[in-house]
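Here are a few exercises on side-chain contacts, each with a worked solution. Have the viewer open and try each task before reading on.

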Amino acid sequence: MALRVGGAPRRAVSCAEAGPLLDEALGLWRGDAYGEWGPGSWADGEIARLDELLLMAHELAMASSLGVGRPHEVVPTAEAHVRRHPLREEGWRLLALSLWATGRQGDALAALRRAAAVCAEELGLDLGARLVELERAILRSDLDVLSAAVPAPAPRARPSRWSNGHPREPYP
């Protein structure tokens, strides 16, 4: 999986490359954008733009963690993200993917149903196409969808119990 980052011209980078860049950028962020002027000032448009970019950076950071196979790290971050920003479908998608990738299929479906309830109650809308597709994939156990977002963990090499045809000490 590759993420698109950067200004013009944009380029695709791997999740492994994007993660540290996003972490560095997010680490530089301090406080509210134009906090000294606040809402109702000349800076409203720029505040909204920067706030949106910040949310997108957080979501890209979660996606890059999923893309390098660290769904356990994404679950608590995504849960906090959807609590703070319940109308952002990308946050719900990342939460459901990370739950599913950690073997919590029921929790992933419950998260998507919570997202549907929030969208219906707050906006009077149904879930977006990406979340509907994800819900169908979870219900069908379509692992192609999961593996496209979260690679399978690399198998660990286990040392052989045999050496030169003779058994070694048993594993502890």
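**Exercise 1.** In this predicted model, find the salt bridge between R113 and E135 and work out which helices it ties together.

*Solution.* Start with the distance: the N-to-O separation between the side chains of R113 and E135 is 3.8 Å. A salt bridge needs a Lys or Arg nitrogen within 4 Å of an Asp or Glu carboxyl oxygen, so this pair qualifies. Next, place the partners: R113 belongs to helix α5 (residues 105–123) and E135 to helix α6, so the contact joins parts that are 22 residues apart in sequence. Finally, look at the surface: R113 has a relative accessibility of 47%, which makes it partly exposed.

**Exercise 2.** Which salt bridges does E90 form with R93 and with R130, and where do these partners lie?

*Solution.* Take R93 to begin with: its side chain meets that of E90 at 2.8 Å, N to O. Both residues sit in helix α4 (residues 89–101), 3 residues apart, or about one turn of the helix. Now turn to R130: the closest N and O atoms of E90 and R130 are 3.4 Å apart. This pair links distant parts of the chain, with E90 in helix α4 and R130 in helix α6 (residues 129–140), 40 residues apart.

**Exercise 3.** Are R93, E90 and R130 buried, partly exposed or exposed?

*Solution.* Apply the cut-offs: under 20% relative accessible area is buried, over 50% is exposed, and values in between are partly exposed. R93 has 14%, so R93 is buried. E90 has 22%, so E90 is partly exposed. R130 has 51%, so R130 is exposed.

**Exercise 4.** How many salt bridges does the structure hold, and which residues are linked with E52 in a network?

*Solution.* The count comes to 9 salt bridges. As for the network, E52 is linked with E59 and R88 through salt bridges.

**Exercise 5.** Classify the aromatic pair of Y34 and W42: stacked, tilted or edge-to-face?

*Solution.* The structure holds 1 aromatic pair. Its ring centres, those of Y34 and W42, are 5.5 Å apart and the planes stand at 70°, so the pair is edge-to-face. The cut-off behind that step is an angle over 60 degrees. To finish, compare with the surface: Y34 is partly exposed at 30% relative accessible area, while W42 is exposed at 60%.

Conventions
Residues are numbered from 1 along each chain as its sequence is written. This is a predicted model: local features need pLDDT of at least 70, side-chain atom pairs count only at pLDDT 80 or more; totals for chains, interfaces and linings use all residues. Side-chain values use heavy atoms; hydrogens and water are left out. Helices (H or I, at least four residues) and strands (E, at least two) are DSSP runs, numbered from the N terminus. Buried means under 20% relative accessible area, exposed over 50%, partly exposed in between (1.4 Å probe, protein chains only). Rings of Phe, Tyr and Trp (its six-membered ring) pair if their centres lie within 6.5 Å; planes under 30 degrees apart count as stacked, over 60 as edge-to-face and the rest as tilted.
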